Amino acid sequence: MNTKQKFEEAYHALEKTEVVVLRDIPDYNPVYGMDIVSKYLTVIICHSGSARLLYDMQEVHFTANSIAVILPDHIMRPLESSPDYRVTFILHSNAFCDELKIQRLTRDYDKFHLKPSCHMADEEIAFFIKSLDVFEHLCNSSPQHYPLRHEMLIAQSNVMVEIINTCRREMDKDAPIMTRNQMVFQEFANLLAARYREQHEVAFYAEKAYLTARHFSVIIKDVVGISASDYIEQYLATQAKNLLSTRPDLTIQQISSYLGFAESSSFCRFFKRLTGNTPKDFRIILQRNLKSSVM
């Protein structure tokens with residue numbers, strides 16, 4: 001089974017299994033070779049090598065003994081990785097996260113947004129891996145074998161969260177104070193992740209920040225190098241590509257409606273302007289590439 005198939009099976013099983021652990025993945029963009037916008041909380045552990053990526057258009061370096069916490073609906077764009085790059089993915093269902101009530105992660109979200117990964121000492125990463133071994137055993141066990149499997153998973157998740165938070169507290173001692181512009185962008189990225197299906201206009205997000213649309217766009221460009229309108233469009237295009245890739249059961253009309261476009265024709269024009277292909281052509285090219293990779 002190749003990496004793409006592993007992830008597809010994991011996504012399909014996640015709501016039933018609550019958590020999935022995928023080990024020894026050789027690429028941080030293993031599924032479709034494009035930007036990633038996961039709807040699930042994802043923890044990534046780097047065992048060897050290094051990678052460079054953009055997280056919400058801000059560059060992040062990921063090295064051995066590092067752990068990254070990627071919250072749902074934020075964009076990762078792969079740039080490059082070393083040949084010896086190997087990681088483990090931990091995918092959490094939304095229902096599991098709701099019950100877990102990860103206040104210790106969400107309370108520190110600003111820090112994860114600006115720097116989603118932290119580096120651990122050898123003894124810390126070894127402790128985390130031991131905890132992960134227990135966690136994975138529970139993930140692969142049935143409720144019949146462990147009647148309190150769910151409660152045990154929650155408890156073990158809390159252990160792993162606290163290990164990450166301990167590492168973060170040490171790292172944050174020397175962390176620079178977030179600038180006002182960075183705070184505005186962080187709130188914008190969070191709000192966009194929550195409201196992108198219904199709000200596509202810069203004015204909406206500027207109003208929430210108590211700024212004019214022009215001033216708001218200047219701030220966003222200062223932080224990530226592109227205007228607020230370009231950021232919104234790139235985010236929508238990424239969501240569209242992911243839906244076209246991962247949801248073959250949805251028609252283009254359904255995807256258009258899901259993303260908040262009034263008409264499928266306007267969605268098709270938008271998608272072609274951003275990607276160079278119509279949604280239909282994008283799917284055809286994707287299927288052709290997938291077939292050639294299997295052969």
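Biologist: How many cavities of 30 Å³ or more does a search of the whole structure find?

Modeller: The search finds two in this predicted model. The second largest cavity holds about 90 Å³ of space.

Biologist: What makes that second largest space a cavity?

Modeller: A cavity is a set of points where a 1.4 Å probe fits but cannot get out, so the name follows from that test. Its lining has 12 residues, and I44, L53, F62, A68 and M76 lie nearest the centre. Strands β5 (58-63) and β6 (66-70) are the elements that give two or more residues to this lining.

Biologist: Which classes of residue make up the lining of the second largest cavity?

Modeller: There are 11 nonpolar residues, one polar and no charged ones.

Biologist: How do you know that β4 and β5 pair?

Modeller: Pairing needs at least two bridges, and six join β4 (residues 50-55) to β5, so the two strands count as paired. They run antiparallel, with Y55 opposite Q58. The two strands form a hairpin with two residues between them, and D56 in the turn has a positive phi of about 50 degrees. β4 also pairs with β7 (residues 75-81) in the antiparallel sense, over five bridges; there A51 stands opposite S81.

Biologist: Why is α10 called roughly perpendicular to α12?

Modeller: Helices α10 (residues 228-246) and α12 (residues 264-275) pack at about 105 degrees, with axes 10 Å apart. Angles of 65 to 115 degrees count as roughly perpendicular, so α10 and α12 fit that term. Among the residues in contact are L236 and L244 of α10 and F267 and F270 of α12. By class, the contact has eight nonpolar, one polar and three charged residues.

Technical notes
Residues are numbered from 1 along each chain as its sequence is written. This is a predicted model: local features need pLDDT of at least 70, side-chain atom pairs count only at pLDDT 80 or more; totals for chains, interfaces and linings use all residues. Side-chain values use heavy atoms; hydrogens and water are left out. Axes are lines fitted to C-alpha atoms, for helices over the stretch in contact, and angles run from 0 to 180 degrees between N-to-C directions. Helices (H or I, at least four residues) and strands (E, at least two) are DSSP runs, numbered from the N terminus. Angles under 35 degrees count as roughly parallel, over 145 as roughly antiparallel, 65 to 115 as roughly perpendicular and the rest as oblique. Contact means heavy atoms within 4.5 Å. Ala, Val, Leu, Ile, Met, Phe, Trp, Tyr, Cys and Pro count as nonpolar, Asp, Glu, Lys and Arg as charged, and the others, Gly among them, as polar. On a 1 Å grid over the protein atoms alone, a cavity is a set of points where a 1.4 Å probe fits but cannot get out, and a pocket is an open set with protein on both sides within 12 Å along at least five of seven lines; lining residues have an atom within 4 Å of a point. Grid points are joined across faces, edges and corners, and a volume is the space filled by probe spheres set on the points.
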